[in-house]
Amino acid sequence: MPQIRNDWTIEEVQNLLQMPLNDLVFEAQTVHRQHFNPNEVQVSTLLSIKTGACPEDCKYCPQSAHYHTGLDRERLMAVESVLAEAQAAKEKGASRFCMGAAWRNPKDRDMPYVIEMIKGVKALGLESCMTLGMLSNEQAKMLQQAGLDYYNHNLDTSPEFYGDIITTRTYQDRLNTLNNVRDAGMKVCAGGIVGMGESVTDRASLLVQLANLPKHPESVPINMLVKVEGTPFAKLEDLDNFEFVRTVAVARILMPASHVRLSAGREDMNDEMQALCFLAGANSIFYGEKLLTTANPEADADLRLFERLGIKPEQRDGYDDEVHTAVIEDAIKEQQNPVRYYDAS
């Protein structure tokens, strides 16, 4: 069993990224088999619970208020609507339900609704995950006490390239949120985006940042840039597919016990590329027709690919599959406005 390390250097990781692809994938697959069933993939579903009008200026993001992408602004969804989506996700085979809100950080007025969403998702027997922007210590503790399993907060890119992507929050802000999440006792979901014009060194530096956290993220999403008209990155040159596969493989080697997730950009990956990513150590996907505001392969297509590859969805251990109806009803009763959205921005 390989030793879990938190002392990787950029030079070491660059050397891995530049290995012959056959050797790199073989090493990644060897590591993968020492920690996971190679024919199981963890399946998550992601729902945008509050869309658009984000004050951050992330150059890749169609939800930023700084850019005109044609995206309609939507208010925070009602609890009952979120739980209906979670139930549907479970029926389609998801084991984790992720909820994302386009906020810089959640406001105090938002927290009671967010907490009821967490409780309802947990009552369905699903793992829960949220991405709500930056968190204070107090907010992280509130989410943990409500039962949140995972909190997603990506580093996006290397510290060196970060200023070319975002100016409205610092790299340290992101690290502080990850520290608050970990200190509160939740699991960390943190990864990045490739294909934003970064160098190989930047990709190595991002992976070093993730692998050298005091504890590896339990989930590491590797996103391919989805180019959206109206954002500053709409016309960037496509990243070579093999460079993406290399990034997945090195993430597996550096973080052997983490789930490495294929996230944004899967819509543009053919079956053969996805299969190569699974071979390189990816073992988690987002499942469904949409990731927040961008397209994702249709659920039926994922099931057909799994069948062709002999892959099965990973099953959670140690939970009762029975739906706890009373808890869900309580969450719905506490929703003050029985419509899809309530008036919070």
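**Entry 1: Glu56**

I began with Glu56, which is buried at a relative accessible area of 2%. The model I am reading is predicted. I found Glu56 in the loop between β1 and α3. Next I looked for partners of its side chain. Which side chain does Glu56 meet in a polar contact of 2.4 Å? It is that of Thr168. I also noted a polar contact of 2.9 Å between the side chains of Glu56 and Arg169.

**Entry 2: the annotated cysteines of this loop**

I checked the UniProt record next. It places a "binding site" feature at Cys54, Cys58 and Cys61. I located Cys54 in the loop between β1 (40-50) and α3 (79-91). Cys61 sits in the loop between β1 and α3 too. Is Cys61 buried or exposed? Its relative accessibility is 18%, and the cut-off for buried is under 20%, so Cys61 counts as buried. Cys54 is buried as well, with a relative accessible area of 10%.

**Entry 3: His153**

Arg169 came up again when I turned to His153. A polar contact of 3.3 Å joins the side chains of His153 and Arg169. I placed His153 in the loop between β4 and α6. Its relative accessibility is 3%, so it counts as buried. I listed what it touches, leaving out residues up to four places away in sequence: Gly133, Met134, Arg169, Arg174, Thr177, Leu178, Cys189 and Ala190. I also took one distance here. His153 and Gly192 are 39 residues apart along the chain, and their C-alpha atoms are separated by 9.2 Å.

**Entry 4: helix α6**

Arg174, Thr177 and Leu178, among the contacts of His153, are also among the buried residues of α6. The others on that buried list are Tyr171, Leu175, Asn180, Val181 and Ala184. I asked what covers them. The cover includes α5 (137-146), β4 (150-152), β5 (187-189) and α7 (200-211).

I then checked the length of α6. The helix has 14 residues, 171-184. At 1.5 Å a residue it should span 20 Å, and its end C-alpha atoms are 20 Å apart, so the two agree. Gly185 follows α6, and I noted its positive phi, near 100°.

**Entry 5: helix α4**

I gave α4 (residues 111-123) the same check. It has 13 residues and reaches 18 Å from its first C-alpha to its last, close to the 18 Å expected. How many of its 13 residues are buried? I read 10, and the helix is mostly covered. Among the buried ones are Met111, Tyr113, Glu116 and Gly120. A glycine with positive phi follows this helix: Gly125, near 85°.

**Entry 6: a second annotated set**

I went back to the UniProt record. Its "binding site" annotation also covers Cys98, Cys129, Cys189 and Arg261. These are spread over 164 residues of sequence, yet they cluster in space, with a largest C-alpha distance of 13.9 Å.

I looked at Cys98 in detail. Cys98 lies in strand β2 (residues 96-101). At 3% relative accessibility, it counts as buried. Beyond its neighbours within four places in sequence, Cys98 is in contact with Ser44, Thr45, Leu46, Leu47, Cys129 and Phe286.

Then I looked at Arg261, in strand β8 (residues 259-262). Arg261 is buried, with a relative accessible area of 1%. Its contacts, not counting residues up to four places away, include Gln42, Ser44, Arg96, Cys189 and Phe286. Ser219 is another of them. The side chains of Arg261 and Ser219 make a polar contact of 3.2 Å.

**Entry 7: the cores**

I moved on to the nonpolar cores. Which members of the largest core touch the most other members? They are Ile49, Tyr60, Met130, Leu143, Phe244 and Leu254, out of 96 residues. Helix α8 (residues 241-254) gives the largest share of this core, eight residues. A second, separate core has five residues, including Cys98, Cys129, Tyr150 and Phe286.

I followed up on Phe244. Its contacts more than four places away in sequence include Val194, Ile222, Leu239, Leu262 and Met269.

**Entry 8: the whole chain**

Last, I took stock of the chain. It has 11 helices and 12 strands. Of its 345 residues, 57% count as buried. Among contacts with a separation of 6 or more, 77% join residues 24 or more positions apart. The chain exposes about 14,800 Å², and carbon and sulfur atoms supply 48% of that.

Definitions and conventions
Residues numbered from 1 in each chain as written. Predicted model: local features only at pLDDT ≥ 70, side-chain atom pairs only at ≥ 80, totals over all residues. Heavy atoms only, no water. Core = buried A, V, L, I, M, F, W, Y, C linked by side-chain atoms within 4.5 Å. Buried < 20%, exposed > 50% of the residue type's maximum accessible area, 1.4 Å probe, protein only. Helix = DSSP H or I, 4+ residues; strand = E, 2+ residues; numbered from the N terminus. Contact = heavy atoms within 4.5 Å. Expected span 1.5 Å × (residues − 1). UniProt positions renumbered as here; feature names shortened; annotations may be inferred. Areas by Shrake-Rupley, 256 points an atom, 1.4 Å probe, with all protein chains shown as cover. Polar contact = N/O pair within 3.5 Å; in protein donor to acceptor, adjacent residues only side chain to side chain.
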